[in-house]
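Trainee: Please take a close look at one part of this structure, the largest pocket. I would like its volume, its lining and its setting in the protein.

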Amino acid sequence: MTKGIAMYAHRARQFGATDDAVDQFTIEALFTTVTNVNFDPERVNALIARGVQVRAAAKELYEKAAANAGQTPEQLDGPATWQPADTVGGLIAQAEQIGIEARKARLGEDIAGLQELVTYGLKGAAAYADHARILGQAPEKLYGFIHEALDFLTRDSVVAEELLDLALRTGEANLWAMEALDTANTSTYGHPVPTQVRVTPIRGKAIVVSGHDLK
């Protein structure tokens, strides 16, 4: 679903049009399926349903931006027009048609592997970006790149060198995301310094805070 959204959002950005809700949903959806998350089928199902609405908003954004520029918008297909099944079982069946094994059979292991390398790199960048956004940092150029990269991944007629270049650019985008998160954390909580703390246990309850989602 994020690829279909990106097809419209990337083209809208070429006309200078953006939408915070579209950007936010895209990174949230990518973050939801990052590798160390315990997937919840019902939550993913709800995200896909929401994604249909966000894709419609991205399409409208693109068409209006193109019209304002005196251009005729492209008639997009593939992920831009894909319709999800009504049930989780149906969605799983659809996923098998476009999953890794299906793409390996259709495109070969090298192309499918490079596509996955980019995809997981985008998911990692989205995780950092989501935490940074919560603290008020929105790395605009990162959002633009994520839409561009997802749009590129909708193409089947690509060569390995193009995907390798995109993978390297995705690595650079992860640095932008980490910079945004570092700025968000230090501007909110200050720079971390070595601090002496008590490590002996005491009776009672406690709250443990870890990871990036400090707020």
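Mentor: This is a predicted model, and the setting comes first. The protein has eight helices and zero strands, so read in order from the N terminus the elements are α-α-α-α-α-α-α-α. Along the principal axes, the C-alpha atoms occupy a box of roughly 65 × 40 × 35 Å. Of the 215 residues, 40% are buried. Where contacts link residues at least 6 apart in sequence, 80% of them join residues at least 24 apart.

Now the pocket itself. Rolling a probe the size of a water molecule over the atoms shows where empty space is left. The largest pocket holds about 1600 Å³ of space. Its lining takes in 41 residues, and those nearest the centre of the pocket are M1, T2, K3, A95 and I98. Six elements each give two or more residues to this lining: helix 1 (2-14), helix 2 (20-32), helix 3 (41-68), helix 4 (88-98), helix 5 (100-107) and helix 6 (109-134). Helix 4 supplies the largest share, with seven residues. By its residue range, helix 4 (88-98) also includes A95 and I98, two of the residues nearest the pocket centre. T2 and K3, also in that central group, fall within helix 1 (2-14).

As for the surface, the protein exposes about 12900 Å², and carbon and sulfur atoms supply 54% of that area. Its side chains include 20 positive and 28 negative ones, with the centres of the two sets 7 Å apart.

Notes:
Residues are numbered from 1 along each chain as its sequence is written. This is a predicted model: local features need pLDDT of at least 70, side-chain atom pairs count only at pLDDT 80 or more; totals for chains, interfaces and linings use all residues. Side-chain values use heavy atoms; hydrogens and water are left out. Helices (H or I, at least four residues) and strands (E, at least two) are DSSP runs, numbered from the N terminus. Buried means under 20% relative accessible area, exposed over 50%, partly exposed in between (1.4 Å probe, protein chains only). Contact means heavy atoms within 4.5 Å. Accessible areas come from the Shrake-Rupley method with a 1.4 Å probe; for residues, only the protein chains shown count as cover. Lys and Arg count as positive and Asp and Glu as negative; His and the chain ends are not counted. The place of a charge is taken as NZ of Lys, CZ of Arg, CG of Asp or CD of Glu. On a 1 Å grid over the protein atoms alone, a cavity is a set of points where a 1.4 Å probe fits but cannot get out, and a pocket is an open set with protein on both sides within 12 Å along at least five of seven lines; lining residues have an atom within 4 Å of a point. Grid points are joined across faces, edges and corners, and a volume is the space filled by probe spheres set on the points.
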